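Please work through the exercises below with the sequence and the coordinates at hand. Each task is followed by a solution in steps.

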Amino acid sequence: MAEFINKGLYNFLELSLDQFPRLENFLKDMQQGRLDGVIISGIFNQQELKTFQTQFQKFSEQIKGTDLFAETDFGSVIGSSLMENNLEAYLDRSCRSLDFFESVFQGNFCSFVTGLLSKLAGKQMILKARFSNTDKSASPASIRICKPEHQALNAHIHREFELYFPLYQKIASISRLETELSYYLMLQKPNSGGALTLYDLQWHNTPQEYIRPELFMAEQRNDFLDNLDKMHIRLSEGEIIIFAANSIWHKIDAVQGNTNRITIGGFITESFDSRYQYYWI
Ligand SMILES: O=C(O)CCC(=O)C(=O)O
Ligand SMILES: [Fe+2]
C-alpha cells in the first residue's frame, strides 16, 4: 500500500486492479481538475515483480556506457526525452530504449501500459504517440534511477516544459499539452527518502517570478517552495501512479539508505478530437 503524509491536501483515489470501476474516465477527471491523482495496486504478483527487477539488472548491465544512459544530479535516466533538441536522435534512442523496456517486461511493457490506462479512460482509446511526417513512434517512457548521495529531482511543473523545449511542439500538434498527466510504476523502492512531494501550489496561482528558464529544475526553486504546505506519497513496489503533473508543483525527495529508487513512466495527453489519450515522453 502507498504511504501518504498530509493526504487531505489533494484528492487521490486508491484502487486495486481487481476492484476497478467500469467506464469511469479518471484521466479526464484529472485533466479537468476534478481529481488530482490515482494510485493502482495489485497489478503484478510478487513473482512477476521479482522477475522484472532481475531482468532490469541483467539488461541494464548490457547497455551501461551507451547513449541510452544519461547521468543527472539525481541519478541516471535510461531512454530518450522530448527535452532533447534533435528529433532524429530522439527517435533513434526511443526505438532502442523501447527494445530495452520490452526486454525488462518480457515483451509486455506497451501492452501493459495501454491495458492499464484503458481502464482509466472510459471510452477513449489509449495510443502510444506518433508524429506526423514519420512512421516512427514517440518513446512510451523513460526509467529514472534516483540514487542515494544524489540530489532531489527538483521541484517542477509540466506546463513549463513546452516553454523551453521546441520538440514539445510535436506533441502539441496532435494533442492538448495543457491536459498533460504523469504516470510511473515503482519498480524498486528505496529504503528511505524518495517520496513524491506535491506542493500546495498550482499552475493557476504560480507567481510569475517562478517561471524563468534559469530556474528550470534548479535547486533554488525548492527553497521558494519548501515553505508551502506539502503532501508526500511513497509508492510500494509494483504500484503505479497517475497524477496531474501539469497543474501541481512537485519534486522527488532525495533518496537515502543504500537502495536506488527505480521508476518507469512518462506523460499522457488528450488528442484534439478527444478520441484518444496518448502516452509518450
Ligand atoms: O518519479 C518519477 O519517475 C518522476 C516523477 C515526476 O516528476 C513525474 O512523474 O512527473
Ligand atoms: Fe514531474
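The exercises concern a ligand shell, a helix pair, a buried core and individual residues.

The model is predicted: local features need pLDDT of at least 70, side-chain atom pairs count only at pLDDT 80 or more, and totals for chains, interfaces and linings use all residues. Residues are numbered from 1 along each chain as its sequence is written, while chains are lettered from A and ligands numbered from 1 in the order in which they are written.

**Exercise 1. Determine which residues surround ligand 1 and which elements supply them.**

Step 1. A residue is near the ligand if its C-beta atom, placed from the backbone, lies within 6 Å of it. The shell around ligand 1 consists of Arg144, Leu153, Ser182, Tyr184, Ala245, His250, Ile252, Thr263 and Gly265.

Step 2. Helices (H or I, at least four residues) and strands (E, at least two) are DSSP runs, numbered from the N terminus. Two or more shell residues come from each of strand S9 (175-188), strand S14 (248-252) and strand S16 (261-271).

Step 3. Ala, Val, Leu, Ile, Met, Phe, Trp, Tyr, Cys and Pro count as nonpolar, Asp, Glu, Lys and Arg as charged, and the others, Gly among them, as polar. On this basis the shell around ligand 1 has four nonpolar, four polar and one charged residues.

**Exercise 2. Describe the packing of helix H2 (residues 46-63) and helix H3 (residues 87-104).**

Step 1. Axes are lines fitted to C-alpha atoms, for helices over the stretch in contact, and angles run from 0 to 180 degrees between N-to-C directions. H2 and H3 pack at an angle of about 145°, and their axes are 8 Å apart.

Step 2. Two residues are in contact if their C-beta atoms, placed from the backbone, lie within 7 Å. H2 contributes Phe52, Gln55, Phe56, Phe59 and Ile63, and H3 contributes Phe100, Ser103 and Val104.

Step 3. By class, this contact has six nonpolar, two polar and no charged residues.

**Exercise 3. Is Leu181 buried or exposed, and which residues does Leu181 contact?**

Step 1. A residue is buried if 20 or more other C-beta atoms lie within 10 Å of its own, exposed if 12 or fewer, and partly exposed in between, with C-beta atoms placed from the backbone. Leu181 is buried because 27 other C-beta atoms lie within 10 Å.

Step 2. Leu181 is found in strand S9. Leaving aside neighbours within four places in sequence, the contacts of Leu181 include Leu27, Met30, Ile242, Phe267 and Ile268. Leu27 is 154 residues apart from Leu181 in sequence and 8.1 Å apart in space, C-alpha to C-alpha.

**Exercise 4. Which residues of helix H4 (residues 109-118) are buried, and which elements cover them?**

Step 1. Phe109, Val113 and Leu117 are buried in H4. They cover an arc of only 50° around the axis (an arc of the directions from the helix axis to the C-beta atoms), so they are on the same side of H4.

Step 2. The face turned away from the buried side of H4 carries the exposed residues Ser111 and Gly115.

Step 3. The cover over the buried residues of H4 includes H3, strand S6 (125-128), S16 and strand S17 (276-280).

**Exercise 5. Where does Ser274 lie, and what is the sign of its phi?**

Step 1. Ser274 lies in the loop between S16 and S17.

Step 2. The phi of Ser274 is positive, about 65°, although Ser274 is not a glycine. Most residues other than glycine have a negative phi.

Step 3. Ser274 counts as partly exposed because there are 13 C-beta neighbours inside 10 Å.
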